[in-house]
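Visitor: Hey, can we go through this one together? I'd like to get a feel for the sheets.

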Amino acid sequence: MAKIALLVPREEMVYQAHNLLQEKSYQDPHFEITCMKVVRTKNVVMEARQAIADGASVIIARGLQASLIKQYTDIPVIEIVITAQEMALLVMKAKQIVKKEHPVIAVVGFRNMFCDMSYFDTIYDIELRTFFAPNHEGLRRAALEAAEDKVDLMIGGDVAVEAAASEGIFSLFLSTTEDSLRNAFLMAKSISFAMDVERKKAAQMDTLLDHSFSGVANADSSGRITKVNALMEDMLGLPGKKLSGHLLTEVFPDLDPVQTERILKKGGEGYSTFFPINNISVYAIFAPVLVEGKVDGGILTCHKMVRKLTIEQESQQKRHSNGLIALGQFSDMFQESEAMQDCIRKARLYALSDMPVFIQGEPGTEKRLMAQSIHNASLRNRSAFADVSLRGLGEEEQFMLLFGEKGAALQADGGTLLLEDGEALSLSNQYRLLQLIRYRIWRGKELQQNKHLDVRVMISTGSSGTFLDLVKQGKFRRDLYYLIQGLNVEIPPLRRRTEDLKRKLEFSIRESCEQYGRYHVLTQGAMKILTDYKWPGNLFQIENFCQRLILTATKRSLDEWAVKTLLSELYGREEQEAAVQEEEKTAEKMGPDSQQSKRIYETLIKYEGNRKKTAEALGISKATLWRQMKKYGLE
């Protein structure tokens with residue numbers, strides 16, 4: 001129940017209030033006036049603050065006093081407004097005093113004190129002039145303006161009455177009846193009821209949040225946190241006061257900023273995802289709060305995801321598998337491009353599954369980081385993450401590394417095993433991997449050496465086409481190929497991620513400058529050359545290039561010439577060889593009786609066997625021309 005304080009400038013208003021409170025309509029549990037006081041305007045703010053300290057949640061006041069309370073407190077204020085009936089009585093009384101046809105009557109006071117008097121002139125055959133003061137200091141000035149305006153009578157408070165007397169003008173004190181107080185009381189009663197309902201709803205919501213099995217964070221329409229429940233505080237390890245006011249995407253960096261902004265601006269369906277909070281995997285749902293069809297904020301709900309572990313797995317988890325820890329998170333990746341955002345969105349969904357994940361990407365892309373991020377967002381994040389590169393290893397070496405007594409499969413029990421360059425796996429070890437994935441069985445060298453293992457397998461490679469070619473050649477098991485092809489993640493190269501490429505270049509330049517204690521900047525032209533370059537080595541190539549660029553820079557501003565020179569020096573020969581290989585591939589597709597053979601023959605005849613001129617005319621190098629001549633028997 002809201003407590004109401006009545007603060008008024010005259011004693012008679014307190015008596016009127018006492019009379020009203022005797023009526024049955026005010027014997028209501030939602031209406032209780034705990035304080036009724038006559039106060040001077042200069043003390044009204046102090047008196048209002050005291051009433052608030054004593055428990056008042058609503059204040060009833062009039063005129064300037066109401067305006068001051070509103071200005072200097074944050075409590076609901078009900079203003080006592082003179083009713084039309086009360087003003088009519090005053091106007092009729094004024095006409096009797098003046099005894100003049102069509103008298104000029106001035107009303108002096110504050111605008112918030114009066115009802116609508118638009119038609120009083122017509123109804124009561126008077127000329128009504130209003131003089132409203134903006135503040136207490138302006139009240140006397142308004143009264144003097146009314147006196148100078150040659151009015152017949154002035155209606156107002158003490159200041160107006162005094163001003164009228166000094167100028168020899170009739171006056172009437174702005175007295176009220178119980179009507180204006182009754183209206184104020186009815187409004188206070190409605191507000192009190194609404195506040196009680198709101199308090200009950202808030203209390204119910206607090207109880208629901210405090211006893212929820214999920215962490216909950218409320219956000220306003222700008223995405224800033226307004227409140228979190230106790231479980232969310234426990235998840236984040238921070239009190240609600242420190243979280244309040246921060247953007248959701250700052251506190252939860254794994255939230256998709258695009259989806260979050262969409263929900264806060266347009267509403268629609270909620271957005272769900274998986275991510276870790278302090279090494280706890282959570283299933284998160286962000287949904288809009290709609291008020292009359294408009295988005296008024298959002299609610300983020302985070303549910304803890306828990307895996308049932310055996311006693312042996314729990315023991316292994318506590319040891320954290322001899323330090324086999326995945327450090328990477330999705331937030332560590334450059335993901336401003338739409339292509340990478342789609343890739344990560346898919347990977348987050350895969351994090352909840354225990355099925356194998358097949359990760360494709362060119363050299364230098366974030367394949368290992370992607371695997372670590374999926375592991376850390378999964379329910380296995382507190383268990384081991386082991387990664388093994390298979391390229392260049394013989395069959396026996398692969399077996400010992402993967403399936404030996406101290407191999408990676410045993411070490412990763414309960415966790416994740418990443419096989420890099422999976423296409424290099426031998427056929428016999430492919431069979432063991434198939435058993436591990438499909439039946440959770442670890443097979444040793446001896447027939448009786450079988451163990452049950454719970455390992456999630458991820459395989460990374462440069463291209464899925466490599467595996468398919470190996471299957472066709474009989475070098476890779478077809479059943480294993482289809483087993484690992486379920487959950488595919490293809491990491492786009494940086495040349496298809498313009499926004500991420502630019503960020504990576506800026507980051508690597510800044511990091512290299514900090515490492516060598518230098519300060520260099522790229523011109524716009526230099527940055528364009530670098531963003532237009534294909535970067536076949538992706539992240540690795542960019543990092544090394546930027547290191548070399550900064551280490552050997554001779555001036556502060558690095559222009560087009562500087563980056564072109566270094567690109568040519570580092571990768572010029574590589575690009576030439578790639579062009580030659582492309583020419584040769586094209587030539588190999590042509591048969592000896594093809595149009596290409598005929599074209600070379602005719603061009604050679606035209607230039608009388610001059611190879612240089614022939615190669616230039618054909619748009620190929622002299623070396624390639626010689627190889628093709630030899631191939632087609634045109635030496």
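Guide: Sure. One term up front: buried means under 20% relative accessible area. And keep in mind that this is a predicted model.

Visitor: Okay, so which residues of β9 point one way and which the other?

Guide: Gly215, Ala217 and Ala219 point one way, while Val216 and Asn218 point the other way, and all are buried. In a regular strand the side chains alternate between the two faces of the sheet. Strand β9 covers residues 215–219, and 5 of its 5 residues are buried.

Visitor: Which strand is joined to β9 by 5 bridges?

Guide: That's β13, residues 294–304, running antiparallel to β9. Asn218 has Ile299 as its bridge partner there.

Visitor: And what about β10?

Guide: β10 (residues 225–228) is also antiparallel to β9, with 3 bridges joining them. Ala219 has Ile225 as its bridge partner in β10. The β9 and β10 hairpin has 5 residues between the strands, and Gly223 takes a positive phi near 85 degrees.

Visitor: Switching topic: what's the strand order in the open sheet with 4 strands?

Guide: The order is β2-β1-β3-β4, with parallel pairing. β2 (32–38) and β4 (77–79) are the edge strands, each pairing on one side only. From one strand to the next, the twist averages 20 degrees.

Visitor: Which helix packs on the sheet touching β1 and β2?

Guide: Helix α1, residues 11–20, and its direction makes about 160 degrees with that of β2. Helix α3 (residues 63–72) packs on the sheet too, touching β1, β3 (58–61) and β4.

Visitor: How many bridges pair β1 with β2?

Guide: 6 bridges, in the parallel sense, with β1 spanning residues 3–8. Ala5 stands opposite Cys35 in β2.

Technical notes
Residues numbered from 1 in each chain as written. Predicted model: local features only at pLDDT ≥ 70, side-chain atom pairs only at ≥ 80, totals over all residues. Heavy atoms only, no water. Pairing = 2+ DSSP bridges. Helix = DSSP H or I, 4+ residues; strand = E, 2+ residues; numbered from the N terminus. Axes fitted to C-alpha atoms, helices over the stretch in contact; angles between N-to-C directions. Contact = heavy atoms within 4.5 Å. Buried < 20%, exposed > 50% of the residue type's maximum accessible area, 1.4 Å probe, protein only.
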